Amino acid sequence: MTSLTAATPAPTRTYADHGRPAWRRLLLTREMAIIFLLIVVLAVASVVVPKFATPVTMGYLLFDITPLLFIALAMAPVMITGDIDLSVGSMVGLSSVTVGLCSQAGLGIPVAMLVALLVGAVGGAVNGLLITRIGLPALAVTIGTLALYRGIAVGLLGTTAITTFDKWWTTLIKSKIGTTGVPTVMILFVVLLAAFTIMLHFTPFGRGVFAIGLSKDAAVFSGVNAERTRLILFVLSGLMAALAGIYYALYYTSARGDNATGMELQVIAAVVLGGVSVFGGRGALHGVIAGVLLIGVLSKALQLVNITSDVVSIITGVLLVLSVMAGSVMNWVQSRRVRPAPASTPTKTS
Amino acid sequence: MSVATATPVRVSLGSRVWSLVSSRETGIFLALALVVIATTIKNPEFLFSSDGWRDLLLTPSIVAVVAIGQAVVIITRSVDLSVGSIVGLSAYLVGTLFVAFPGFPVPLMFGVGIAFGALLGLVNGALIAFGKVPAMVITLGTLYAFRGINVAWTGSNRINASDMPDDFLNLGTQQILSIPVLTIIALVILIVVAWYMANTRGGREFYAIGSDPDAAELYGLAKTKRVLIAFVASGAASGLGGVLFAARYGTINSQVGDGFELQAIGAAVIGGVAIVGGSGTVLGAVFGAYLLLTINRCLPILGIPDFWQRAVTGALIIGAIILDRVLANRQAKRLVAERDAA
């Protein structure tokens, strides 16, 4: 019996004749576009805005966006599966209140951190279980927990704030690495970034995340445990939001119920800006980080030229709308371009 | 074996009464009644003083108007997160116009607010319908952008009651036959929209698109147009909400309507408008708004600090969507059983 491979010549598909050279495929991605935009904005701001291109300013910029960076790491995979987590801002508030209450009770910061992380994991698990086990839409569940977690945070502390924390910890959080101006907390971020990058881009679990976003049914049929994957991602999202809450409480030395109100909007704006498709299935962490940095740089630069935060929120909103529209405009342009293609390539029989 | 016939299905009076009694709207209304009764037992002033009766009807009516628009959008399987920002912009526009033209006719002001809100809704709708992108992200963006424009425009400025004509402000507290005028306005809008959604071709198309957008399009329904109309309606309702807010509270700063999106979506979802579209009524959304805001007002009287309001809102929303799912599952099971029996 002849071997099958010899009998049927495998139809080898080559991508070289698609007319897009390798450099174009690498450079003309959404992620690279946002990185270019970031570089341009950085360059313009450095020249135009006085005192922008200094280590001190850059340090404060990084301090400001650290919570966003933490949350965005976990929000990106959640959105790549086609879900969304609107409760992260509230979880930051709840976690900061937890840290405050624990440290007020004399438990010490390490214990307080553990409790806060536990709260985050439980909160994320509640979201994830309602979504995966009962099958409720992520949007509805997390709108509910957005109100619920914020409500618990505000309920626990009322209008009071806890402002005394262990000095050693607050100095550590506010410290910078040597004379570079880079916050020490960035070390933690780089470690987490590496972990999330490996998880999302270099493991079967990560491939599953993208597969779920492209087609959940197809992913399940090819052996991805979609429910478990989504649950894990929501727990991670809760954990990262809790981490951001710990940072928030210690860096601003203030645990308040209304900490980080509306932060979910900034995170989602940054993630979408960074090239994660709102329909799920595509995105990459370097784009997401660039998206967060872009929002951070714009805010800081405008703040330095005395443009108030409301303009920043207009810009964030418009950027969000534009980045979503850009995708569909590009699709439209591409569909116009593809339609009159010559029928030289073997056509599908259908 | 049953034979499919084209004769109209006769609904017996008994089953009609049963479907009325077992409907979601009735359930919410009973829950509302329970809350009011419990609070009134604790403090009779809550219902039986003239102010108590008035506030009971008046306080939720602004959110109720916004929730009517939101319900139409959610039924079409979208969501409008920007309603709070539209309420804020519309309220400030009304105040600014009264400052600039003190003699501005009041009825015309309602028209201006509604038209302005509809225009902002058109921005949302056009981006969503023509861009074919998820409403949630677009309205998240415009939530930001509209609020930012509001803050930039208002700054730390504030419009006070003394800047607005008395006959406008009186609308906010006036009563006709002991029913507040604002509640009557909300009621009129409720009746018109509820009738439209239940009985007209256009209204049913919203439900069709919400329950299966692809099927609706295959059937030839103008999906783009309907989505556009839903967002314009939601914007117009929010614009009206802004006018009502100005009349009711008399003080307008840059944060008017902040968080209304949560209350409006919460009201709709609690009232049985499924977040996945295609089912629910605007009447349910209005009852949801009354339940949500009345519970919030009852908490302090029942001895729970009002800091816990938001937690209650969240718990109610989650409870409502779980209930929806349970009911939907049960109905699906029953339909399967009926099919197998036939």
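# Exercises on a predicted two-chain model

**Exercise 1. In the largest nonpolar core, identify the residues that touch the most other members.**

Solution. The model is predicted. Its largest nonpolar core holds 206 residues. Those touching the most other members are A:Ile71, A:Ala72, A:Met75 and A:Val271 from chain A, with B:Ala67, B:Ile68 and B:Val286 from chain B.

Take B:Ala67 next and set aside its neighbours within four places in sequence. The contacts of B:Ala67 are then B:Ala264, B:Ala267, B:Ala268, B:Ala285, B:Val286, B:Gly288 and B:Ala289. B:Val286 appears in this list and also among the core residues that touch the most other members.

**Exercise 2. State the secondary structure, burial and contact range of each chain.**

Solution. Begin with the elements. Chain A has 15 helices and zero strands, while chain B has 16 helices and two strands.

Then take burial. In chain A, 45% of the 350 residues count as buried; in chain B, 48% of the 342 residues do.

Last, consider contacts between residues at least 6 apart in sequence. In chain A, 78% of these join residues at least 24 apart, and in chain B the figure is 79%.

**Exercise 3. Find out why the radius of gyration of chain B agrees with that of a compact globule.**

Solution. The rule to apply is 2.2 Å times the number of residues to the power 0.38. For 342 residues this puts a compact globule near 20 Å; chain B has 21 Å, so the two agree. Along the principal axes, the C-alpha atoms of chain B fill a box of roughly 75 × 55 × 35 Å.

**Exercise 4. Describe the side of chain A that touches chain B.**

Solution. Count the residues in the contact: chain A gives 34 and chain B gives 40. On the chain A side, α7 (138-157), α13 (263-273) and α15 (309-338) each supply at least two residues. The most come from α7(A), with 13 residues. By type, this side of chain A divides into 22 nonpolar, ten polar and two charged residues.

For the complex, the predictor gives an ipTM of 0.81 and a pTM of 0.84.

**Exercise 5. Determine how many residues of α13(A) are buried, and what follows the helix.**

Solution. Eleven of the eleven residues of α13(A) are buried. Among them are A:Glu264 and A:Gln266, as well as A:Leu265, A:Val267, A:Ile268 and A:Val271. After the helix comes A:Gly275, with a positive phi near 100°.

**Exercise 6. For A:Ala260 and B:Arg77, give the phi, the location and the burial.**

Solution. A:Ala260 has a phi near 60°, positive although the residue is not glycine. A:Ala260 sits in the loop between α12 (226-251) and α13 of chain A. The cut-off for burial is 20 or more other C-beta atoms within 10 Å. A:Ala260 has 28 C-beta neighbours inside 10 Å and therefore counts as buried.

B:Arg77 also is not a glycine, and its phi is positive, at about 65°. The loop between α5 and α6 (83-100) of chain B holds B:Arg77. With 22 C-beta neighbours inside 10 Å, B:Arg77 counts as buried.

**Exercise 7. Locate A:Val297 and list its contacts beyond four places in sequence.**

Solution. A:Val297 belongs to helix α14 (residues 285-304) of chain A. A:Val297 is buried because 20 other C-beta atoms lie within 10 Å. Beyond four places in sequence, A:Val297 is in contact with A:Leu38, A:Val41, A:Leu42, A:Ala45 and A:Leu61. For one of these partners, A:Val41, the separation along the chain is 256 residues and the C-alpha atoms are 7.7 Å apart.

**Exercise 8. Name the buried residues of α11(B) and the helices they pack against.**

Solution. Helix α11 of chain B covers residues 201-211, and its buried residues are B:Phe206, B:Ala208, B:Ile209 and B:Gly210. The buried residues pack against α5 (61-75), α10 (181-199), α12 (213-218) and α13 (223-249) of chain B.

**Exercise 9. Report how the confidence varies along chain B.**

Solution. The mean pLDDT of chain B is 84, and 96% of its residues reach 70 or more. Among the elements of the chain, α5(B) has the highest mean pLDDT, 93, and helix α1 (residues 13-21) the lowest, 71. Over residues 1-5 of chain B pLDDT stays under 50, and the model has one contact beyond four places in sequence for them.

Note on methods: Residues numbered from 1 in each chain as written. Chains lettered and ligands numbered in written order. Predicted model: local features only at pLDDT ≥ 70, side-chain atom pairs only at ≥ 80, totals over all residues. Buried ≥ 20, exposed ≤ 12 C-beta atoms within 10 Å, placed from the backbone. Contact = placed C-beta atoms within 7 Å. Core = buried A, V, L, I, M, F, W, Y, C linked by C-beta atoms within 7 Å. Nonpolar A, V, L, I, M, F, W, Y, C, P; charged D, E, K, R; others polar. pLDDT = per-residue confidence, 0-100.
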